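Here are my notes for you on this structure, point by point. Keep the picture open while you read.

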Amino acid sequence: KRERQRTNKAINDQQVAIFRQARTEALYAIGNYDPAGEANVLSRGLLAQLGNVTSVASPLYKHHYCLTTGICQEDETLQVPVYQVRLHDGQVEVAA
């Protein structure tokens, strides 16, 4: 069984990374663009639990972005957008 699922989609021409944590079935949606690495790569990052913060580690510089606030845990001047997301009738819906 996979521990997580991830994908990326576009909202208003901006890529969005969508994550599902298998253990809790929680869904998260954040901007896919990593401001530290200046590339659309966050959808390829690994989910991490740092203290009580669920985050994604960027595959480039390993910065951790909180999945609920978008704030980078290593550098609070960096932030990615966070989107509301839900599962409705078997479809993932992301609010623009």
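1. First, a term you'll need: a strand here is a DSSP run of E, at least two residues long, and strands are numbered from the N terminus. With that in hand, you can place E93, which lies in strand β11, residues 91-94.

2. Keep in mind that this is a predicted model. The mean pLDDT of the protein chain is 90, and 89% of its residues reach 70 or more. Among the elements, strand β1 (residues 4-11) has the lowest mean pLDDT, 59, while β8 has the highest, 98. I'd read anything about β1 with that 59 in mind.

3. What is the chain built from, helices or strands? The count comes to zero helices and eleven strands. Walking from the N terminus, you meet β-β-β-β-β-β-β-β-β-β-β.

4. Now pick out the open sheet of three strands, ordered β6-β7-β8, with antiparallel pairing. β6 (46-50) and β8 (64-66) each have a single partner strand, so they stand at the edges and one side of each is left without a neighbour in the sheet. Neighbouring strands in this sheet are turned by 40° against each other on average, ignoring direction. As background, strands of a sheet pair through backbone hydrogen bonds, either parallel or antiparallel.

5. Look more closely at β6 and β7 (residues 53-57): five bridges join this antiparallel pair. One to find for yourself is the bridge between L50 and its partner in β7, V53.

6. Back to E93. Is this residue buried, exposed or partly exposed? Its relative accessibility is 30%, which falls between the 20% limit for buried and the 50% limit for exposed, so E93 counts as partly exposed. Setting aside neighbours within four places in sequence, E93 is in contact with Q84, V85, R86 and H88. With R86 there is also a side-chain polar contact of 2.7 Å. Then try A29: A29 and E93 are 64 residues apart in sequence, yet their C-alpha atoms are 9.8 Å apart in space.

7. A word on cysteines. A disulfide is a covalent bond between the sulfur atoms of two cysteines. How many does the structure hold? Zero disulfides. C66 has 8% relative accessibility, under the 20% cut-off, so C66 counts as buried. C72 is buried too, with a relative accessible area of 0%.

8. Finally, the whole chain. Of its 96 residues, 34% count as buried. Among contacts between residues at least 6 apart in sequence, 33% join residues at least 24 apart.

Methods. Residues are numbered from 1 along each chain as its sequence is written. This is a predicted model: local features need pLDDT of at least 70, side-chain atom pairs count only at pLDDT 80 or more; totals for chains, interfaces and linings use all residues. Side-chain values use heavy atoms; hydrogens and water are left out. Two strands pair if DSSP finds at least two bridges between them. Helices (H or I, at least four residues) and strands (E, at least two) are DSSP runs, numbered from the N terminus. Axes are lines fitted to C-alpha atoms, for helices over the stretch in contact, and angles run from 0 to 180 degrees between N-to-C directions. pLDDT is the predictor's confidence in each residue, from 0 to 100. Buried means under 20% relative accessible area, exposed over 50%, partly exposed in between (1.4 Å probe, protein chains only). Contact means heavy atoms within 4.5 Å. A polar contact is a pair of N or O atoms within 3.5 Å; within protein, one must be able to donate a hydrogen and the other to accept it, and residues adjacent in sequence count only if both atoms are side-chain atoms. A disulfide is a pair of cysteine sulfur atoms within 2.5 Å.
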